[in-house]
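Welcome, and please open your viewer. We will take the stops one at a time, with something to select at each.

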Amino acid sequence: MTADLNSYLFVGAVLFVCGVVCMATKRNGIGVLMGVELVLNGANVNFVAFARYTDLGLDGQVFSLFVIVLAAAEAAVALAIALNFYNNHLTIDVDRANKLKG
Amino acid sequence: MLFPQLLDKLISETTSLSLPGFSVELCLSATIVAMLMMRLVNLDRFVPTSVTAVLGAFAALVFTWLQFRQIGAADAIVSQKIFTGLLIHDTFTVFFRAFLSLFLLLTIALTSLTGIPDNEDGPDFYSLLFGATIGLMIMASANSLLMLFVGVEMASVPSYAMVGFLKGRKPSSEAALKFVVYGAGAAGVMLYGISLIAGVLGTVDMSLLAARLGEAAAGGTGGLSDPELRAVSLGILLVMVGLAFKLSLVPFHFWCPDAFEGASAEVAGFLSVASKAGAFGLLVRLALALSGAPGTESLMIAFGVGIGFIACVTTTFGNLAAYSQTNLKRLLAYSTIAHAGYMVMAVSALLVMSNSVQAAAMQIDINRTVEGLLYYLFVYLFMNLGAFAVVAIARNHTFSEEVDSFKGLVGQSPTLCIVMLICMFSLVGMPPFGGFVGKLMIFASAFKAGDIHWFMYVVVAFGALNTVFSLVYYIRVLKTMFMDERPADARPVPVHLGSLESIYVVALAAFVLLLGLLPQFLSATAGAAAQSLAKF
Amino acid sequence: MNPEFLLTAIIFAPSVGALILALLFDSKNAEAMRLFAFATTAVTFGLTLVLWLGEFQSDAPGMQLEVVREWIPRWNVYYRLGVDGISMPLVLLTSLISMLSMGASWSIKKHIKGYMVLFLLLETGMMGVFLALDFFLFYVFWEVMLLPMYFLIGVWGGPRKEYAAIKFFLYTLAGSVLMLVAMLMFYFNTSVQADGFNLIKLAEAATTGSLLSPSLQITAFIMLFIGFAIKLPAFPVHTWLPDAHVEAPTPISMILAGVLLKMGGYGIIRIAFPLCPYGAQYLAYAMVAIGVISIIYGAFAALAQTDFKRLVAYSSVSHMGYVLLGLAVWKINEKTGETMNSEYWQMGLNGAMFQMIAHGISSAGMFFMVGVIYDRVHHRDLNKFGGLMGKMPLYGGLSAGLFFAGLGLPGLCGFIGEVFVVLSTWSFNPALAIVAASGVILTAGYILWAMQRVYLGAEYKGPHPEDLTPMNMRETAIAGTLLTLAVILGVVPAIMFNVMTPSISRMAKAAEAGYQQSAAQLNQDEMQAQR
Amino acid sequence: MVGETLRNLLMIAWLLPLAGFAVEIFGGFWGSRKSRVAAWMSVGCIGVGFLCSLSALLIWGNSNNFWKVTHDSEHHAEAGHAEAGHAEAGHAEAGHAEAGTDQHKSPDSVASSAASVVLGKTVFSGTLYSLARFGSLDISLDYYIDSLTLVMFTMVTFIATCIHLFAMGYMSEELTEEFVDHSAHLSNGHHVHRPGRYYRFFAFLSLFCFSMLGLVLAGNIFQVFIFWELVGICSFLLIGFYTERKSACNAANKAFIMNRVGDFGFLIGLMVLWTFFGTFRFGNTVDAKGEVVQAGLFQMLPRDETGNVLRDAASGDVKLGAVTAAPESPSSRTIPYSLLVVAGLGVFAGCVGKSAQFPLQTWLPDAMEGPTPVSALVHSATMVAAGVYLVGRFYPMFVQEVLLTIAYVGCITLFMAATIAMVATDIKKVLAYSTISQLGYMMLGLGVFGWGAGLFHLITHAFFKSLMFLCSGSVIYGCHHEQEMPKMGGLWRKMPITAFTMLVGVIAISGLAIPGLVNWCSVFAFSGYFSKDAVVATSLAFVKGNPTHFLLFIVPLVTAGLTAFYMFRLWFFTFAGKPRDQHIHDHCHESPWIMTGPLLALSVFAAFCAIGGETGPLYRLITGDQPAHVAHGIAGAVGSGELTLPGHEAIHAVHGTAGTLALIAAASGTFIAWLLYGTTLVNVAEIKRQLSGLHGFLANKWHFDELYDGLFMQPSHVVGQCCVWIDKTVFDGIIHASAKVMIFVSKWDKLFDEAVVDGFVNLLGNSTFAVGRSLRVIQTGRLRQYVMFIVVGVVALFAILFTTFPG
């Protein structure tokens, strides 16, 4: 059997949803960031698949490459901030980040 | 075509066309490099980084001025794609470059006045600032979904860091964490939306979107029952969400108050104005790129009305939530949300009008809408920065940003108070201050859009109602400053008329007043910028 | 003097004075600042006199001394000034009352500099409102007035000043945003693209019925009317007035009663009526009813007050009810659409305008008198006064005169306006006319009762009897001026009517024509609908 | 030319007192408290005024050689009719000539723009200056001079002069730096000490004279209203002259406010007239060429030759036939007959208030709080008579329904007041009630179509009533401000002049005469006899014509007896018998000449002013310009329910009978009074005990004060409270309440009240604030929740998009 576009998109969608759920449920900051990665990669799968099946063509591939790079950059900053948070709170439990509210 | 020729063509085009068009960004990047280099060789001991930054920003301003000259010289409307159509270089872009570089300059001036950051961190901080600015400029000039995403990320990532820049401060780090996670999530969502749009329409070139959309809609009902359209509209929705995060529209505003409270007033001021400006530039481009496709008018109008609805909710929410705030920065954060609501009214009017059947006939009003938005942004720059500047300056003396710490301030430093008064009444939208003119322009266009869709009248009504609401909390602050007695134990705030701080804020206030009294020049410029987007 | 320059000078002379005051004067030197500020207002008054006696032609109905300068040509906003018989008396009143209340401002002791500056800015705003012929400009001045007023009440006011100030501010702002929306409605209608803010052109368009469709006229009129009714103030939206008056310092109360309330009436007659005649006529009954209710309601409320100043404030509500009443007695023949009581309506309009002037003088006087006694004994409880006629005969006599003017005694200004309005009302609706006429009893009731409690009686029953010193020259001069004017206007009202009548009748004629046009359109549409 | 001269003379007489007032009111600044200058000044003003009006009267008489007309009553009736008729007919062309000449004469005169018209030979009217003019509507100050005006002027100025002189003596206690007011007490029980206010009193008197004369001179009904109010305020000032006395202040307020109640009706009448006639003028208005541009009220109301108001048979409306050049002027309209009635009643309502008629009579007795000269001048002779005067002046506009109302109101009033007067013990109160009663007579006379009779009585009454008030004043002065009659008695020895003059007045008002001799020589009957006779006769004639209204004759007849009774009761009580309070009696003394002089002068007029009765000069003067339709009366169509209004012949026919009956009644009243109070034969206290119920009822003035207090005063205050309550509750309170709820809901009210202020702002403030507060709850600060919100938001928006955007 040959996989068609929709199945790829389905995978992408699943990844996306998993990522979102992960972000929304994980209490560990690192976990949340992993959720972000999942979301981005879900999109990436879409791009690649579209590049293959539609006349989006190489643009899709390029796009996904850019995304990977940006994701790395973002992850770097995010981890730095998480570290900073840990320095101040001695934890990376995001639920402890509840001083600012109202 | 053979590869070498292609290469030649590319090189020549880049050197002759793209790079000049990109000169401002290049200048900023150069400044970043310069600053980092200087620290490498310890030059910054002798030349404070802020000076370098000021020089860089000023140079950028000069470059934009040159670009204005060049565009003004051209007889036709300039709208050229650079970097093989990734970016677009037109009056609109230049306007935003000018706006952002001016704002950059002012922010640097403020930071160097209030001494945030200290000299060691200067290069890092200013590099982040410049980087974010470049990202915002790219957002405003994006012509490709790729650049759209890149711009957003380039603008966001440094701002995450800036929010968390106050080292060793719990609120700061917490704010940064929230901001980064929220922002990353929003970016992911937006990216997914982009993937849908790009995939279904088969292009990342925004200038082609409308046409492709039309093809996609062709034969279909033009409604959501058509699977392609459904996917696209979902994609559009997700992108909008991503931008809504940057504009802090309800219900994607949660990061805003926390981040502002955690960050220093300067950074908050920067975020509240600059990132909004970039996002609005992008939103306008996207909206225009999507609108006008045959067969999808009603869908786009629906989007416009939806944005209008969001606008109403946002303004009302922002104003009401601001009522009970005791921290002035937080209060201003909510007012920022409210003002984003006002401004996004213009975008909804834009969508509604440019998808109406008589769009061609309404071109003038469409331009007016964009013009109003740009004008409002510009006024907002001065009045909001003014407010945040006052907060920052007072904080340096009282070490507090609570509203109560401003009690009876008028007795000690009337200048600050009067500037605050001007800024806040301008935020309310009272003549003769600039805020009134901007608000009037936006309401006017929304009102005009009412001819197309009745809901826009509701939007105007909400805008008017919120004007009254907003008065209450602004005036509460003013009441505290002017009518209460200064507590005996309060720390003194000796800011005299001669001091640099005073001159700085007075200048801002003067601009607010000037934009209210003589709107002609700026509105003409903004009008030209809007003209460059015109379709018809 | 160059007339163009004259109007501008009248508007901005006070703010120039304010600038000089703010920059050049030493905040220690109170007396100098007072004198300078007073001189500024006096100069302004002189300029208005020049305008009236020198430049203004009473018999010319149209706009005079028009000034047109480009302001924001992109949206056809112009700096457009002019004066006609409707604004002329109000301009005079404004400058006069400003001068007098500045004279009354010697009692202000704290933050004198700020006070004077704000006061002068306020005068600029008021003058601008009365002289502006561009809707945008009008709106700007209208709002500009708010800020100084807010602080004047909020900083120098009484114990609940903040409450009163913000209440005043909120009410007016709520009204003015409605006005803003109405302004947009006019701006965006296709017939007057070129001058969407030009009140004159808009009025002309309205006369031909080409400005707004009847239904839109009604909407626009309601918005404008609410905005102006709040300022007037008319019955349901009047509650800001007592608080503002009671808390404001005496001079500001004088300004409030003497000038600010008039802006409501002026707006109605200058903007609401000419721009949407159909809406005006459509709502005539409602307006008359509101006016009558205000008269009676205000009088009753005044009857029940124990705070002297609050009583005067409610009397203002009652008196301004006559203004609304007089403006609205416009009866038309339902079938033909022509005005049935044209002359009586004009009489009502003139009466209303005169009532505005008269009330400006009498109520300012009354507030001043209250202030004089308040400065001495620092209380306003009606039941704790008495015997002042014996203790301070001059004060008692002058106050009696001013209160009689408020009571509508013939020979004093209050009478003419009230009676003319009431007389013109029967032709509109007998029942309402009778109710309005019954106001004379109530008015006599509350004013005489108040006078008895304050001035008559055997002895003064309140605190600080020792402070009941006679009026000084300044106070006497102010009160005397007001009383003299009250008498002059009461005996020869023609001096005002000669100025007003031509312009007002012109306005009325235009409105009648406009109504007929719109009504005709409406009929045609119905015809087509039937086909 | 005559019109000019008369106008100028009368205007001098009118404006002099104003000038006097303007100077005198500041007497405290230019004069010492002890100087009589102010008094002399005002006396001078009013005295010159009297001379002016007198000469005006004479000039008027000569101008239409009035003095030469024979004394034959028949002929006179014809003559009066003829004159008046001519007045109606011939004013138009006469107008041309006069006005033409006026124009180039007037500039030097006071009224520059005066275009004076001559109505017939003897009526002069014109404009002084214009207040305002809207299209064809013109409101101005005019003058209207006819014989009535002149007689009133002369009477008012003369009496005023006398009273001014009297007051100079009476008020002399005020000539001091420290006047001790024994009737006003401080909270510590001491008397009030204050500087004297001699000059102020005379200033007010002058102001009053000015207003009163203006009222008489007024040439249009609106102008009448203006001065109507002015005399009202003057009486307010004079009644409340002793501002320290609470009772005085209350009386003053009561007087003014009750008058305002009447004026409310007056105003309604004005509105009707204004709306339907479009003019207020009595007489025609002519332009420079003498063209009649605007007919006067009197000319616009069309009457057929019998004097009935012409009505359109179909609608019953009245077509206002008007001579007018302006085509679109409102006079081309018609007025519903009912509104004509309303207008009449409205104007009459004003008169009711001013003349203290039922039901607005209660203020007059209280007004006696004022100094006695004020009671004499304002509250007996002039101001209260103004109501009657206006009814007379406005007579042509009254339709018969209105006349009947007037008659009945007068009838009720005269009886009620007389009954109260019988039991009153305060000497001034008695006189006050008798005044009300006599005013009732006048109204009755006018109401039953006795135009001349009513006004005749007005004049005579003015003389003898002011005389009696001055006498009482003299008594009070002599007895050191003792007003209670039971404390007096036997004063005639101490103050003979006062007693004598008082007796003259009493006889005059009682209408006594010596039967046989009267017909031989009218010197043997005092003025009251003739005037009251005229009224009673008219009413008898009226009743003959309309038997259903027989009360209109019976009641006045009986009351004639009562009048005689209570007046003689007063005299006996005061002057005759033995002193009841020895202390007072010992200290009392006759008043100085400055006070008794006026008494004597007035007593002469009180006795003989009406010589010759209805053929005498006074009556003929008054009726010189009587309305055309009065002379011959109106015969109502049989069965139509219309009234038959008696003409002169009819009245003359019954004159003898009426006179006799009235005389009998008066005589018997006098006899009973003598029996009860002049002798000791009957124990009055016993009778009083027997009739205690009735006595109480009368002594409490028929409980009118309580009634009105319950009906009007309390309710108005209640309503006032309601309004405030509404403001506090409905407008602010609901808000407060809702705010409270809000606060309670979102437990934050402390911070809240500090943060935002209450009141209406609370509606905006509190509720919105509460909302904002609850919005804060969303902002939990929990990161995962935020992220959750992104998802929720996206899904929600997409769902909305789907649902709202079909297809």
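A residue is called buried here if 20 or more other C-beta atoms lie within 10 Å of its own. Keep in mind that this is a predicted model.

**A helix in chain D.** Select residues 593–608 of chain D, which form helix α22. How far apart are its end C-alpha atoms? They are 22 Å apart, and this agrees with the expected span because 16 residues at 1.5 Å a residue should span 22 Å. Now colour the buried residues of α22(D): M595(D), T596(D), P598(D), L599(D), L602(D), S603(D), F605(D), A606(D) and A607(D). To see what covers them, add α5 (147–170), α16 (451–478), α17 (496–510) and α19 (527–545) of chain D, which are included in that cover.

**Where chains D and C meet.** Show chains C and D together next: of the 5 pairs of chains in contact, they share the most contacts. Chain D brings 53 residues to this contact and chain C brings 45 residues. Several elements of chain D each supply at least two residues to the side that touches chain C, among them β2 (123–134), α7 (221–239) and α27 (704–745). Which element gives the most to that side? Select α8(D), which gives 16 residues. By class, this side of chain D has 29 nonpolar, 15 polar and 9 charged residues.

**Where chains B and D meet.** Swap chain C for chain B. Here 33 residues come from chain B and 28 residues from chain D. On the side of chain B that touches chain D, α12(B) gives the most, with 8 residues. That side divides into 23 nonpolar, 7 polar and 3 charged residues.

**A last pair.** Finally, show chain A and chain C, which do not touch: their nearest C-alpha atoms are 26 Å apart.

Conventions
Residues are numbered from 1 along each chain as its sequence is written. Chains are lettered from A and ligands numbered from 1 in the order in which they are written. This is a predicted model: local features need pLDDT of at least 70, side-chain atom pairs count only at pLDDT 80 or more; totals for chains, interfaces and linings use all residues. Helices (H or I, at least four residues) and strands (E, at least two) are DSSP runs, numbered from the N terminus. The expected span of a helix is 1.5 Å times one less than its number of residues. A residue is buried if 20 or more other C-beta atoms lie within 10 Å of its own, exposed if 12 or fewer, and partly exposed in between; C-beta atoms are placed from the backbone. Two residues are in contact if their C-beta atoms, placed from the backbone, lie within 7 Å. Ala, Val, Leu, Ile, Met, Phe, Trp, Tyr, Cys and Pro count as nonpolar, Asp, Glu, Lys and Arg as charged, and the others, Gly among them, as polar.
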